[in-house]
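Please look through the sequence and the coordinates that follow before reading on. The paragraphs after them walk through a strand and its partners, a helix, two single residues and the surroundings of a ligand.

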Amino acid sequence: MSPRTRVVKVNPRAPQKRLIQAAAEVLRTGGLVAFPTETVYGLGADALNAGAVKRIFVAKGRPRDNPVIVHVAGAADLELLTGRVPEEAGCLMERFWPGPLTLVLPRSASVPDGVTGGLDTVAVRMPRNRIALALIAALGRPVAAPSANLSGRPSGTTAGHVLQDFAGRIDMVLDGGPVTVGVESTVLDLSRRPPAILRPGAVTAEDLEPYLGRVAQGRRAGRRRRSPGTRYRHYSPRARVTLTEPGDREAVAGLVDHHTRRRKKVAVVLVGHRFRATGTARPIVRHMPRDLEEYARRIFAVLRELDQMAVDEIIIEKTPEEGIGVAIMDRLRRAAARQPRAPR
Ligand code: TXA
Ligand code: MG
């Protein structure tokens, strides 16, 4: 792997051709390029090059059975990747692509096993980001890209976050500024009945139901079994995370006092309202926007920032579970879960 990581600033509105060509050349020769999407930064490799895909797993420390998403520049690229495309997939692509909706479809034989973790399906999406689309088009092949973070850590939403995890370990980072969505795409399994949301994102069950009828979600989607990625602890800062009910300031104050007395470094992450310290405890406080879309854009950056400050305990006030709040709470619950770390 490259001892130096080239950081290349790219104009997100009008990506410079020369820079995109250089990045595509790195992918063509089997290298790794991190790039922005609208959701989070991705760590990209040529999806049809098994050796390059393997390098993604090594760089991330990602378990081999956790498949990665393949990024395309248009629905036409699907022919290479999938077998029969279910009818409703066409409607969904028309309505939601480019955008934060990943479709799990039957795979074709040309997709390397490393991409799918040996499953008979492949996850595909078309990102809504000009740099990402230009890169895929310049390569002329689909790009495999999990989120650009070390396995188990919060996803990267700026080029700086990507460098925290991968400086010196990947070939190039395309810096297109901060992302616009902030949580990873909705993963929708169309390979079985009823369709199931394996991971909630900005495209919600309510958005999908007009096209699909009933959509399974949560426990009923059986996502532990079907989406290997959701088995492992995820989105985790190094600190311990505890969630409190919306507006329950007493619970927050109680936990702050408790941990402070044990000489822990404590942070609280609140929705909107001010924190009033009781007693002598002076925790680090981060106020999050009430607007859930803005909250989503900021949450991973806040978790990373608190890690850098070497916080021991993070107390996070739950958000309402509506719209993108379902995805936010999914990530917060997993950050708080005492699940095993993924095997290396
Ligand atoms: O927004 C996103 O989706 C970002 C950006 C970079 O596109 N990518 C991303 O990739 O979040 P990753 O690898 O961190 O998460 C992919 C999720 C995992 O939970 C994985 O298990 C699931 O999608 N997945 C991938 N292929 C699958 C398949 N064939 N069947 C079921 N789940 C699959
Ligand atoms: Mg990820």
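Two strands are taken to pair if DSSP finds at least two bridges between them. With that criterion in hand, and bearing in mind that this is a predicted model, one can begin at strand 13, residues 266-271, which is joined to strand 15 (residues 313-317) by 4 bridges, the two running parallel. Within this pairing, Val-269 has Ile-316 of strand 15 as its bridge partner. Strand 13 is also joined to strand 14 (residues 284-288), again in parallel, here through 5 bridges, and in this second pairing the bridge partner of Val-268 is Val-285.

How many of the residues of strand 13 are buried? The strand is mostly covered, with 6 of its 6 residues buried. In a regular strand the side chains alternate between the two faces of the sheet. In strand 13 both of these faces are covered, since Val-266, Val-268 and Leu-270 are buried on one side, while Ala-267, Val-269 and Val-271 are buried on the other.

Helix 6, residues 130-139, can be followed from its start to the residue after its end. At its start, a side-chain oxygen of Asn-129 reaches to within 2.9 Å of the backbone nitrogen of Ile-131. Ile-131 is itself one of the buried residues of the helix, together with Ala-132, Leu-133, Leu-135, Ile-136 and Leu-139. The elements that cover these buried residues include helix 1 (17-28) as well as strand 2 (33-35), strand 3 (42-46), strand 4, strand 7 (143-144) and strand 8 (172-175). After helix 6 comes Gly-140, which has a positive phi, near 75°.

Two single residues deserve a closer look. Met-93 belongs to helix 4, residues 87-96, and it counts as buried because its relative accessible area is 9%, where the cut-off for a buried residue is under 20%. Leaving aside neighbours within four places in sequence, Met-93 is in contact with Ala-75, Leu-78, Val-85 and Leu-103. The C-alpha atoms of Met-93 and Arg-125 are separated by 8.8 Å, although these residues stand 32 residues apart along the chain.

Asp-189, in turn, is found in strand 9, residues 186-189, and it counts as buried because its relative accessibility is 1%. With which side chains does the side chain of Asp-189 make a polar contact? One such contact, at 2.7 Å, is with the side chain of Ser-191, and another, at 3.2 Å, is with the side chain of Arg-192.

The surroundings of ligand 1 comprise 27 residues, of which Thr-39, Arg-62, Asn-66, His-71 and Ser-185 come nearest. By character, the residues of this shell divide into 13 nonpolar, 9 polar and 5 charged. Strand 4 (69-71), strand 6 (121-125) and strand 10 (196-199) each supply at least two residues of the shell, and the largest share, 4 residues, comes from strand 6.

At the level of atoms, an N or O atom in the side chain of Asn-66 lies 2.8 Å from an oxygen atom of ligand 1, and a polar side-chain atom of Ser-147 lies 2.9 Å from an oxygen atom of the ligand. A nitrogen atom of ligand 1 has a polar side-chain atom of Thr-121 at 3.0 Å. On its own, ligand 1 has 690 Å² of accessible area, and the protein covers 97% of it.

Key
Residues numbered from 1 in each chain as written. Chains lettered and ligands numbered in written order. Predicted model: local features only at pLDDT ≥ 70, side-chain atom pairs only at ≥ 80, totals over all residues. Heavy atoms only, no water. Buried < 20%, exposed > 50% of the residue type's maximum accessible area, 1.4 Å probe, protein only. Polar contact = N/O pair within 3.5 Å; in protein donor to acceptor, adjacent residues only side chain to side chain. Near = heavy atom within 4 Å. Areas by Shrake-Rupley, 256 points an atom, 1.4 Å probe, with all protein chains shown as cover. Nonpolar A, V, L, I, M, F, W, Y, C, P; charged D, E, K, R; others polar. Contact = heavy atoms within 4.5 Å.
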